[in-house]
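Good morning, and thank you for coming. Today I shall present one protein chain, and I ask that you keep its structure in view while I speak.

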Amino acid sequence: MSKETFAFPPELIERLARARSVAVLTGAGISAESGVPTFRDPGGLWERFRPEELANVQAFLRNPDLVQRWYAYRRKLVREVEPNPGHYALVELERMVPDFTLITQNVDNLHRRAGSRRVVELHGNLLRSYCIDCGRPADEVDLEAAAEGKPARCPACGGLIRPDVVWFGEMLPEEALAEAYAACERAEVFLSVGTSAVVYPAAGLPLEAKRAGAYVAEINLQPSAIADEMDALLLGKAGEILPALVEAVRQARDAG
Ligand code: APR
């Protein structure tokens with residue numbers, strides 16, 4: 001599917017072209033074309049690694065060294081890749097819409113690196129870490145100070161250092177969630193991009209926005225768990241569809 005031949009639903013273009021408030025939810029799919037593996041696709045992280053051994057607090061306390069090394073591997077991976085045209089298209093859209101909120105489930109920091117400004121990180125950020133005892137933010141030096149096979153510990157209190165991401169069974173950051181819900185209430189158009197929509201509360205946000213009157217569209221390689229509820233479903237790669245969509249909106253705006 002090449003972007004120049006993509007036929008967008010006219011209503012989506014019209015609504016985006018005149019929208020004062022837009023909210024976008026992204027998932028791992030938007031970073032796939034940058035080389036960051038998704039979670040549930042073939043070859044995804046949860047096919048190769050066991051979340052119950054790596055992405056919850058009990059697993060961390062059982063084997064902090066293993067969990068820290070896994071997040072070190074993921075930090076290295078996301079630092080070595082670049083944002084893709086899908087990330088940059090959302091930066092463009094943010095510039096075009098007065099009230100724009102980018103709500104992401106991703107912890108890879110790629111939206112910020114692309115230049116997105118109003119980013120709500122629902123699941124945290126891989127590039128931040130902190131001490132589980134005193135809460136002191138930890139930096140790369142602290143993480144690398146750990147001896148081989150020994151978990152990294154807080155230089156201030158000796159507590160274990162963990163990544164600032166939301167693990168299974170943990171609550172999302174209250175402020176981020178409140179900002180996401182508020183954006184759903186205001187949005188005239190809501191885009192859901194690159195998510196399987198199986199992890200809540202994030203997966204409920206497009207439906208929250210729809211309930212509040214927004215026109216909701218999904219951009220995904222394959223239909224997500226909530227695809228049937230969408231006003232528009234655009235199947236394909238986010239890195240191809242989003243730039244074309246933003247260009248079509250720009251042209252509609254210029255045509256006035
Ligand atoms: N363009 C658009 N969509 C894509 C692309 C692409 N290039 N590649 C994959 N996808 C779609 C897949 O079809 C799939 O529906 O992205 C989705 C990725 O789904 P998941 O791997 O389940 O990732 P996500 O929805 O972000 O997971 C939610 O689960 O594991 C936890 O905390 C983790 O934030 C994560 C949450």
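**A cluster of rings**

I begin with a cluster in which ring pairs join Phe 60, Trp 70, Tyr 71 and Trp 167. Please bear in mind that the model before you is predicted.

How many aromatic pairs does the count come to? There are 4 aromatic pairs. One of them is formed by Phe 6 and Phe 8, with 4.7 Å from centre to centre and 40 degrees between the planes, a tilted arrangement. Phe 6 and Phe 8 are both buried. Turning to the cluster, the ring centres of Tyr 71 and Trp 167 lie 6.2 Å apart; their planes meet at 50 degrees, so this pair is tilted.

Why does the pair of Tyr 71 and Trp 167 tie together parts that are 96 residues apart in sequence? The reason is where the two residues sit: Tyr 71 belongs to helix α6, residues 64–80, whereas Trp 167 belongs to the loop between β6 (161–165) and α10 (174–186). Are these two rings buried or exposed? Residues under 20% relative accessible area count as buried. Tyr 71 has 3% relative accessibility, so Tyr 71 is buried. Trp 167 has a relative accessible area of 2%, so Trp 167 is buried as well.

Let us stay with helix α6, where Val 67 is also found. The relative accessible area of Val 67 is 0%, so this residue is buried. Which residues does Val 67 touch, leaving aside those up to four places away in sequence? They are Glu 53, Leu 54, Ala 59, Phe 60 and Trp 167. Two of these names, Phe 60 and Trp 167, are already familiar from the ring cluster. As for Leu 54, the distance from Val 67 is 5.4 Å between C-alpha atoms, with their positions 13 residues apart in sequence.

I now turn to two further residues. Ser 129 lies in strand β4, which covers residues 124–131. With 7% relative accessibility, Ser 129 counts as buried. Beyond its sequence neighbours up to four places away, Ser 129 touches Arg 75, Pro 137, Ala 138, Leu 143, Ile 161, Arg 162, Pro 163 and Asp 164.

The second residue, Thr 195, is placed in the loop between β7 (189–193) and α11 (205–211). Is this loop residue buried or exposed? Thr 195 counts as buried, at 8% relative accessibility. Not counting residues up to four places away in sequence, Thr 195 touches Leu 25, Gly 27, Gln 105, Asn 220 and Ser 224.

Finally, let us consider the chain as a whole. The chain contains 12 helices and 9 strands. Its C-alpha trace spans about 60 × 35 × 30 Å along the principal axes. For 256 residues, a compact globule would have a radius of gyration near 18 Å, and the 19 Å of this chain agrees with that. Of the 256 residues, 53% count as buried. Among contacts with a separation of 6 or more, 68% are between residues 24 or more positions apart.

The accessible surface comes to about 12,100 Å², and carbon and sulfur atoms account for 52% of that area. As to charge, the chain carries 29 positive and 37 negative side chains, and the centres of these two sets are 3 Å apart.

To close, I return to the pair of Tyr 71 and Trp 167, which ties together parts 96 residues apart in sequence. Thank you for your attention.

Methods. Residues are numbered from 1 along each chain as its sequence is written. This is a predicted model: local features need pLDDT of at least 70, side-chain atom pairs count only at pLDDT 80 or more; totals for chains, interfaces and linings use all residues. Side-chain values use heavy atoms; hydrogens and water are left out. Helices (H or I, at least four residues) and strands (E, at least two) are DSSP runs, numbered from the N terminus. The radius of gyration is taken over C-alpha atoms; the globule rule is 2.2 Å times the number of residues to the power 0.38. Buried means under 20% relative accessible area, exposed over 50%, partly exposed in between (1.4 Å probe, protein chains only). Contact means heavy atoms within 4.5 Å. Accessible areas come from the Shrake-Rupley method with a 1.4 Å probe; for residues, only the protein chains shown count as cover. Lys and Arg count as positive and Asp and Glu as negative; His and the chain ends are not counted. The place of a charge is taken as NZ of Lys, CZ of Arg, CG of Asp or CD of Glu. Rings of Phe, Tyr and Trp (its six-membered ring) pair if their centres lie within 6.5 Å; planes under 30 degrees apart count as stacked, over 60 as edge-to-face and the rest as tilted.
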